[in-house]
Structures are given as structure tokens and as C-alpha cells.
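Dear colleague,

I am handing over the structure that we spoke about, and you will find it just below. Please keep it open while you read the notes that follow.

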Amino acid sequence: MQAPEEFAATVMEAVGGLSATTDHDTIKVKVAADAWVDAIRTARDEIGLPHLSFISAIDWSNDVAIGDPPSEPVEERYEMLCAVGDIEGRLVVFAADLPKESPSIGSLTDVF
């Protein structure tokens with residue numbers, strides 16, 4: 001099995017990702033919103049990550065209604081997250097940024 005950093009580079013290249021990071025053996029690959037569905041389908045079909053773990057979103061805002069405000073200003077946006085993995089324990093979180101004023105992203109219902 002590839003080391004996490006090597007696997008992150010493999011995944012990023014295979015899906016046409018914008019960036020990849022590795023933290024605690026979890027890989028995060030950022031993709032363009034219009035590449036979201038194809039990237040996750042490629043991860044399932046070509047990279048061998050067939051198991052959907054979760055889909056979520058983060059509302060990045062400088063005006064926080066609950067909790068502590070950010071320690072420094074953030075780029076206001078929505079960040080979509082989808083985690084997929086395999087039975088060997090590899091996990092990749094795909095992320096795509098969406099603008100606050102017109103958030104829209106393709107559905108994964110045909111993928112999972």
C-alpha cells in the first residue's frame with residue numbers, strides 16, 4: 001500500500017484535483033465544483049474507493065451566530081465534503097468550494 005502522501009498525489013492526479021493535503025493519514029483532495037461528481041466517480045471506479053463514508057458541508061462565514069468567531073478572516077463560501085474509502089482503511093475526503101451567492105453542485109445519487 002502506498003504511503004498517504006504518495007496516495008494523495010495519485011488520487012489528485014487521477015481526478016484532476018486542485019490540491020491535496022494529508023493529515024493523520026487522512027487525505028483531502030480539493031476539486032472544482034464542476035468536477036465534483038466525476039472526481040468521486042473516478043475515485044470509486046478507478047482508484048478503488050467504493051465505500052461512501054459521509055457527505056457534509058461547512059458554511060465558512062466571518063459572522064458566526066453560534067460558537068467562537070474565526071481567529072482570522074475567512075473566505076466566505078460553502079465547502080462541500082464527501083469522504084470515500086476502502087476496506088483497507090484508506091480514506092479520501094473530497095472538497096469543493098461553492099460561492100455563497102449561488103451555491104450549486106452536482107448530485108452524487110447516480111454514483112452511490
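**The hairpin and the sheet**

In strand β2, the residue that serves as bridge partner to serine 19 is lysine 30. Before going further, please note that this is a predicted model, in which local features need a pLDDT of at least 70 and side-chain atom pairs count only at pLDDT 80 or more, while totals for chains, interfaces and linings use all residues. Residues are numbered from 1 along each chain as its sequence is written, and side-chain values use heavy atoms, with hydrogens and water left out.

The pair just named belongs to two antiparallel strands, β1 (residues 19–23) and β2 (residues 26–30), which are joined by five bridges. Helices (H or I, at least four residues) and strands (E, at least two) are DSSP runs, numbered from the N terminus, and two strands are said to pair if DSSP finds at least two bridges between them. As general background, strands of a sheet pair through backbone hydrogen bonds, either parallel or antiparallel. Together β1 and β2 make a hairpin with two residues between them, and in this turn histidine 24 has a positive phi of about 55°.

The hairpin is part of an open sheet of five strands, whose order is β1-β2-β5-β4-β3 and whose pairing is mixed. Its edge strands, each pairing on one side only, are β1 and β3 (51–60). From one strand to the next the twist averages 20°, where axes are lines fitted to C-alpha atoms (for helices over the stretch in contact) and angles run from 0 to 180 degrees between N-to-C directions. Strand β3 pairs with strand β4 (residues 77–85) in the antiparallel sense, over nine bridges, and in β4 the bridge partner of histidine 51 is glycine 85.

**Salt bridges across the strands**

How many salt bridges does a search of the whole structure find? The search finds seven, a salt bridge being a side-chain nitrogen of Lys or Arg within 4 Å of a carboxyl oxygen of Asp or Glu.

One of them joins the side chains of lysine 28 and glutamate 79, at 2.8 Å from N to O. Because lysine 28 lies in strand β2 and glutamate 79 in strand β4, this pair ties together parts that are 51 residues apart in sequence. Is each partner buried or exposed? Lysine 28 is partly exposed, with a relative accessible area of 33%, whereas glutamate 79 counts as buried at 2%; here buried means under 20% relative accessible area, exposed means over 50%, and partly exposed lies in between (1.4 Å probe, protein chains only). The side chain of glutamate 79 also has a polar contact of 2.9 Å with that of tryptophan 60, a polar contact being a pair of N or O atoms within 3.5 Å, of which, within protein, one must be able to donate a hydrogen and the other to accept it, and residues adjacent in sequence count only if both atoms are side-chain atoms.

Lysine 30, the partner of serine 19 in the hairpin, forms a salt bridge with aspartate 97, the closest N and O atoms being 2.9 Å apart. This pair links distant parts of the chain, since aspartate 97 is in strand β5 (residues 91–98) and lysine 30 in strand β2, 67 residues apart. Aspartate 97 forms a salt bridge with arginine 77 as well, with the closest N and O atoms 3.0 Å apart. Arginine 77 lies in strand β4 and aspartate 97 in strand β5, so this pair ties together parts that are 20 residues apart in sequence. Through shared partners, these salt bridges join Lys30, Arg77 and Asp97 into one network. Within the network, arginine 77 is buried at 13% relative accessible area, while aspartate 97 is partly exposed at 25% and lysine 30 is partly exposed at 26%.

**Two further places to look**

Leucine 52 is found in strand β3 and, at 39% relative accessibility, counts as partly exposed. Elsewhere, alanine 8 is found in helix α1 (residues 4–15) and counts as buried, at 4% relative accessibility. The C-alpha atoms of alanine 8 and serine 104, which are 96 residues apart along the chain, are separated by 26 Å.

With best wishes
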